Amino acid sequence: MSTTEQRVAVVTGAARGIGAATAVRLAAEGRAVAVLDLDESACKDTVEKITAAGGKALAVGCDVSDEAQVEAAVARIAEELGAPTILVNNAGVLRDNLLFKMSSADWDTVMNVHLRGAFLMTRAVQKYMVDAGFGRVVNLSSSSALGNRGQVNYSAAKAGLQGFTKTLAIELGKFGITANAVAPGFIATDMTAATAARVGMDFEEFQAAAATQIPVQRVGTPDDIAGAIAYFTGDAAGFVSGQVLYVAGGPLN
Ligand SMILES: NC(=O)c1ccc[n+]([C@@H]2O[C@H](COP(=O)([O-])OP(=O)(O)OC[C@H]3O[C@@H](n4cnc5c(N)ncnc54)[C@H](O)[C@@H]3O)[C@@H](O)[C@H]2O)c1
């Protein structure tokens with residue numbers, strides 16, 4: 001591919017939160033962006049934000065845990081936007097509970113969206129990256145990968161994504177493809193707002209309490225994470241692969 005050709009990025013779970021901020025950021029850096037989420041109509045706001053700023057974006061409805069939907073979505077993206085060579089596996093869900101109360105369905109849902117979803121998406125996109133001799137995969141891990149009460153499913157999935165990332169880096173490096181993980185700490189989004197609601201706390205109070213435990217004394221924003229993801233997707237990061245970057249306002253591991 002010529003260096004002047006516009007690169008195509010796919011961001012999953014991009015209707016809102018970290019995914020939406022990432023889609024907007026990558027578009028601002030000149031990428032054509034597939035804004036992928038469960039419901040195509042929910043992607044409208046993100047797409048409009050990108051196009052209003054002069055960028056190029058396509059709304060794509062797809063459940064990342066469904067093999068047929070993933071194959072169809074990636075084929076459509078290649079057809080309508082061009083061959084995707086940047087993939088951000090960001091789609092995620094929480095089904096928190098203590099181990100003894102966790103249902104098998106809640107375990108399976110979290111594994112399916114985070115792990116199976118990242119696997120299916122990456123497998124579908126990698127052939128375009130191999131053909132281009134260039135690729136960037138960024139997987140969303142979490143500080144919860146280090147262990148978090150009430151999240152035995154989510155922490156296992158987010159730790160699993162770190163192993164997935166390192167193995168992608170090893171297998172795909174020779175094709176000019178890097179794979180890295182960004183592991184956010186507390187980021188103010190609908191996901192953390194839902195956690196506050198679940199524990200019966202006002203979201204503002206929940207954030208203020210979390211901020212006292214964070215060295216920089218604030219919670220993160222979706223833009224904080226979009227910046228780290230943008231770094232890994234850029235040309236300057238071509239020798240950085242298989243890494244996990246905690247973006248949490250302080251050291252964690
Ligand atoms: N918010 C945080 O504090 C935080 C911290 C660490 C990691 N993360 C991770 O960052 C990512 C984004 O989190 P967020 O806070 O923006 O969450 P969010 O709940 O605001 O957004 C997640 C998006 O993913 C989409 N999604 C869910 N299941 C999907 C599926 N099967 N197929 C396609 N899309 C699907 C949702 O519709 C939603 O638009 C997630 O992987 C999350 O686990 C978030």
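When I speak of a polar contact this morning, I mean a pair of N or O atoms within 3.5 Å, and with that in mind we can begin at the ligand, where a backbone N or O atom of Val64 lies 3.1 Å from a nitrogen atom of the ligand. Please keep in mind throughout that this is a predicted model.

Staying with the ligand for a moment, a polar side-chain atom of Asp63 lies 2.9 Å from a nitrogen atom of the ligand, while a polar backbone atom of Ile18 is 2.9 Å from one of the ligand's oxygen atoms. There are 29 residues around the ligand, and those that come nearest are Arg16, Asp37, Asn90, Tyr154 and Thr189.

Let me turn now to the sheet. It is an open sheet of 7 strands, in the order β3-β2-β1-β4-β5-β6-β7, and the pairing is parallel. At its edges are β3 and β7, the latter spanning residues 244-247, and each of these pairs on one side only. Neighbouring strands are turned against each other by 20° on average, with direction ignored.

Strand β4 deserves a closer look, as 6 of its 6 residues are buried. On one hand β4 pairs with β1 in the parallel sense over 4 bridges, and there the bridge partner of Ala9 is Ile86 in β4; on the other hand β4 pairs with β5, again in the parallel sense and over 4 bridges, with Val138 in β5 as the bridge partner of Val88. Val138 also stands opposite Asn180 in β6, and the parallel pairing of β5, residues 135-140, with β6 runs over 6 bridges.

As for the helices that lie against these strands, helix α1, residues 17-28, packs on the sheet and touches β1, β2, β4, β5 and β6, its direction making about 170° with that of β1. Helix α8, residues 222-233, lies across β4, β5, β6 and β7, and runs at about 165° to β6.

What about the interior? The largest nonpolar core has 31 residues, and among those with the most contacts inside it are Val10, Leu36, Val60 and Met121. Several elements, including β1, β2, β3, α3 and α5, each supply at least two residues of this core, but α4 gives the most, with 7 residues. Looking at Met121 in particular, and leaving aside its neighbours within four places in sequence, we find it in contact with Val10, Thr12, Leu36, Val64, Val70, Val74, Leu87 and Asn89. Apart from this core lies another, of 27 residues, among them Val35, Leu140, Ile225 and Val247.

To finish, I would like to set two residues side by side. Is His114, which is found in helix α4, residues 104-132, buried or exposed? Its relative accessible area is 3%, and because the cut-off for buried is under 20%, His114 counts as buried. Beyond its neighbours within four places in sequence, His114 is in contact with Ala91, Gly92, Val93, Tyr154, Ala157, Lys158 and Leu161.

Ser41, by contrast, has its place in the loop between β2 and α2, and since exposed begins over 50%, its relative accessible area of 52% makes Ser41 exposed. The side chains of Ser41 and Asp39 are joined by a polar contact of 3.0 Å, and Ser41 is 26 residues from Ala15 in sequence, with 8.9 Å between them in space, C-alpha to C-alpha.

Notes
Residues numbered from 1 in each chain as written. Predicted model: local features only at pLDDT ≥ 70, side-chain atom pairs only at ≥ 80, totals over all residues. Heavy atoms only, no water. Buried < 20%, exposed > 50% of the residue type's maximum accessible area, 1.4 Å probe, protein only. Contact = heavy atoms within 4.5 Å. Core = buried A, V, L, I, M, F, W, Y, C linked by side-chain atoms within 4.5 Å. Pairing = 2+ DSSP bridges. Axes fitted to C-alpha atoms, helices over the stretch in contact; angles between N-to-C directions. Near = heavy atom within 4 Å. Polar contact = N/O pair within 3.5 Å; in protein donor to acceptor, adjacent residues only side chain to side chain.
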